[in-house]
Amino acid sequence: GILVSCSDYHIFKKMHMTRRQAMDKYLSIVRAALDNGIRPRCHFEDITRADFYGFVVPFATELMNLAKESGIRIKIRACDTLGYGVSFPGVALPRSVPGIMYGLRHYADVPSGWLEWHGHNDFYKGVVNATTAWMYGASAVNCSLLGIGERTGNVPVEAMIFEYASLRGTMNGMHPEYITEIARYIENDTNYPIPPMTPFAGQNFNLTRAGIHADGLMKNPEIYNIFDTESILNRPPKVSITGTSGTAGIVFWLNHSYSRRGEKEYTKKDQEVFEFIIGCLDERGYFTESVEEIA
């Protein structure tokens with residue numbers, strides 16, 4: 001991997017060079033790598049603040065010429081270093097993710113298999129920008145577990161697993177249930193606290209506190225669960241008992257906590273359920289302590 005920063009912020013303000021000097025320096029390093037039989041990946045840092053047709057495309061074109069001369073693949077990693085990329089069609093360059101991918105593919109003749117996207121999540125656009133890069137020609141996106149990375153993080157690998165499956169209609173050999181194992185490992189063995197609402201990995205991502213949701217889950221899990229989380233992630237839907245759980249929430253919690261699925265499950269009309277709820281309430285009708293402890 002060779003860092004080839006391409007915005008004027010980096011060229012002028014950080015390296016104190018002209019664009020020509022920066023390009024010549026980058027190309028000399030790439031040539032040295034090629035001379036030693038190394039297949040370079042050039043990291044176009046800060047591409048969403050660069051002069052796209054004034055620097056990025058001419059530089060990428062020179063790299064493709066070197067690749068033809070040497071017969072060695074040169075990958076280009078488009079780095080949205082500050083998360084400025086925008087996915088919507090019609091957005092002006094250099095912010096446009098579709099425009100960046102289209103320009104590299106069609107004006108610098110970079111093969112799709114040599115293009116990848118490296119995004120940051122500063123404006124909550126990490127996942128959508130990575131998906132957009134895929135759609136417009138990048139063959140790969142850079143990810144990290146749980147999106148852990150600089151500042152607000154990078155693109156979560158677990159998010160792109162489901163993006164891939166949504167786009168292609170298949171997991172293509174991936175085992176998404178390991179997302180759950182990885183999340184628990186990170187929490188328990190590295191002491192990294194995963195925010196409980198984190199999609200796919202957080203403790204509460206498929207947990208409901210509303211009785212009306214629990215009632216729907218009992219009738220058919222598809223009503224309120226985003227997909228079959230039990231078979232895909234090895235995580236059945238859960239409820240948490242609160243003041244809004246209602247009888248439905250209590251019944252769902254009892255059936256799942258005591259593995260009554262497949263047996264005769266409790267219903268909202270069972271006398272045992274009524275007695276259990278009464279035992280959990282104080283004189284004002286509020287839960288007095290943890291339902292788990294009472295159970």
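The exchange below goes through how terms are applied to a predicted model.

Me: What kind of model is this, and how are residues numbered?
Reply: The model is predicted, and local features need pLDDT of at least 70, side-chain atom pairs pLDDT 80 or more, while totals for chains, interfaces and linings use all residues. Numbering runs from 1 along each chain as its sequence is written, and side-chain values use heavy atoms, with hydrogens and water left out.

Me: How many helices and strands does the chain have?
Reply: There are 12 helices and 7 strands. Both are DSSP runs numbered from the N terminus: H or I of at least four residues for a helix, E of at least two for a strand.

Me: Why is Trp-134 called partly exposed?
Reply: Buried means under 20% relative accessible area, exposed over 50%, and partly exposed in between, with a 1.4 Å probe and protein chains only. Trp-134 has 21%, so it is partly exposed. Ser-70, in helix α3, has 32% and therefore gets that label too.

Me: What makes Asn-191 exposed?
Reply: Its relative accessibility is 67%, so Asn-191 counts as exposed. Asn-172, at 56%, is therefore exposed as well.

Me: Which sign does phi have in these two residues?
Reply: Phi is positive in both: near 55 degrees in Asn-172 and about 60 degrees in Asn-191. Neither residue is a glycine. Most residues other than glycine have a negative phi. Asn-172 sits in the loop between α6 and α7 (177-190), Asn-191 in the loop between α7 and β6 (207-208).

Me: Why is the pair of Tyr-26 and Phe-59 called tilted?
Reply: Rings of Phe, Tyr and Trp (its six-membered ring) pair if their centres lie within 6.5 Å; planes under 30 degrees apart are stacked, over 60 edge-to-face, and the rest tilted. Here the centres are 5.6 Å apart and the planes at 50 degrees, so the pair is tilted. Tyr-26 is in helix α2 and Phe-59 in helix α3, 33 residues apart. Both residues are buried.

Me: What is the geometry of the pair Trp-134 and Tyr-164?
Reply: This pair is edge-to-face, with 6.3 Å centre to centre and 70 degrees between the planes. Trp-134 belongs to helix α5 and Tyr-164 to helix α6, so parts 30 residues apart in sequence are tied together.

Me: What makes a set of residues a nonpolar core?
Reply: The members are buried Ala, Val, Leu, Ile, Met, Phe, Trp, Tyr and Cys residues joined through side-chain atoms within 4.5 Å. The largest such core has 44 residues, and Phe-44, Leu-63 and Leu-104 have the most contacts inside it. Helix α3 gives the largest share of this core, 10 residues.

Me: Which residues are in contact with Phe-44?
Reply: Contact means heavy atoms within 4.5 Å. Leaving aside neighbours within four places in sequence, the partners of Phe-44 include Val-4, Val-56, Phe-59, Leu-63 and Ile-76. Ring pairs also link Phe-44 with Tyr-26, Phe-55 and Phe-59 in a cluster.

Me: How do you know that the peptide bond from Leu-93 to Pro-94 is cis?
Reply: Omega of this bond is near 10 degrees, and the bond is cis. Most peptide bonds are trans. Pro-94 lies in the loop between β3 and α4.
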